[in-house]
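Welcome, and please get your viewer ready. We will go from stop to stop, selecting a few residues each time and looking at what is there.

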Amino acid sequence: MLQETVDEIAERVGASATIEDRSLQLLAYAAQSGDIDTVRQESILRRRATPEVRAYFEGYGIAGAKGPVRIPADAELGVLARVCVPLRYHGVTYGYLWLLDDGTLDDGTLASISGLVAQ
C-alpha cells in the first residue's frame with residue numbers, strides 16, 4: 001500500500017518521493033527522476049538518515065508541522081531542496097513524505113496530493 005501511494009504521488013507531482021517513519025527510517029520510495037542528492041542516495045541504500053541530517057530536518061519543525069515544510073538545500077550536508085509533508089493522524093506525526101523540489105512544487109501541486117496524505 002505505501003509503495004503504491006508513493007508511486008502515485010511521485011507521478012502526480014513529477015518529483016522524486018520517499019516515505020519515512022518519524023525516526024526517518026525509509027519505508028517506501030518511488031523511482032528517482034532528475035537530480036538526486038547524497039542524502040536521498042544514503043536513505044535508499046542505508047534505509048535511514050544520519051543523525052546530522054535528521055537534526056537538520058528536525059530543525060525546521062517537521063515533527064510538529066501541520067502542513068508541508070520547505071527545506072532549503074545545504075551543500076555541506078549533501079541536501080537538495082525538498083518539501084516535507086508530515087503524515088499525521090489525530091495530531092500525532094507518524095512519518096513523512098519527502099519530495100525533492102526543483103522549484104516546481106507550488107501550493108497547487110501540493111494540494112493535488114492532499115487526498116493521499118490526508119491528516
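**First stop: the cavity lining**

Select Thr18, Glu20, Leu24, Val39, Arg40, Ser43, Ala49, Val53, Phe57, Arg82 and Trp98: these residues line the largest cavity. Keep in mind as you look around that this is a predicted model. The cavity has a volume of about 70 Å³, and the count of cavities of 30 Å³ or more comes to one.

Now colour the lining by residue type. You should find six nonpolar residues, two polar ones and three charged ones.

Next, show the helices and strands around the cavity. β1 (17-21), α2 (38-46) and α3 (51-58) each give at least two residues to the lining. Which element supplies the largest share of the lining? Select α2, which contributes three residues.

**Second stop: helix α1**

The structure holds four salt bridges, and we will visit some of them. Select arginine 12 and glutamate 8, which form a salt bridge with their closest N and O atoms 2.7 Å apart. Both residues belong to helix α1 (residues 2-13), where they sit four residues apart, about one turn of the helix.

Turn on the surface here. Arginine 12 is partly exposed, at 44% relative accessibility, and glutamate 8 is also partly exposed, at 33%.

**Third stop: helix α3**

Go back to α3, one of the elements that help line the cavity. Select arginine 54 and glutamate 58, whose side chains meet in a salt bridge at 2.9 Å, N to O. How many residues apart are arginine 54 and glutamate 58 in helix α3? They are four residues apart, about one turn of the helix.

With the surface on, arginine 54 shows a relative accessible area of 30% and counts as partly exposed. Glutamate 58 is partly exposed as well, with 36%.

**Last stop: a link between distant parts of the chain**

Select aspartate 107 and arginine 70, and you will see their side chains meet in a salt bridge (3.8 Å, N to O). This pair links distant parts of the chain: aspartate 107 is in helix α4 (residues 107-111) and arginine 70 in strand β3 (residues 69-71), 37 residues apart.

Is aspartate 107 buried or exposed? Aspartate 107 is exposed, because its relative accessible area of 62% is over the 50% cut-off. Arginine 70, at 41%, counts as partly exposed.

Before you leave, add Asp101 to the selection: Arg70, Asp101 and Asp107 are linked in a network of salt bridges.

How values were computed:
Residues numbered from 1 in each chain as written. Predicted model: local features only at pLDDT ≥ 70, side-chain atom pairs only at ≥ 80, totals over all residues. Heavy atoms only, no water. 1 Å grid on protein atoms, 1.4 Å probe; cavity = no way out; pocket = protein on both sides within 12 Å on 5 of 7 lines; lining within 4 Å. Points joined across faces, edges and corners; volume = space filled by probe spheres on them. Nonpolar A, V, L, I, M, F, W, Y, C, P; charged D, E, K, R; others polar. Buried < 20%, exposed > 50% of the residue type's maximum accessible area, 1.4 Å probe, protein only.
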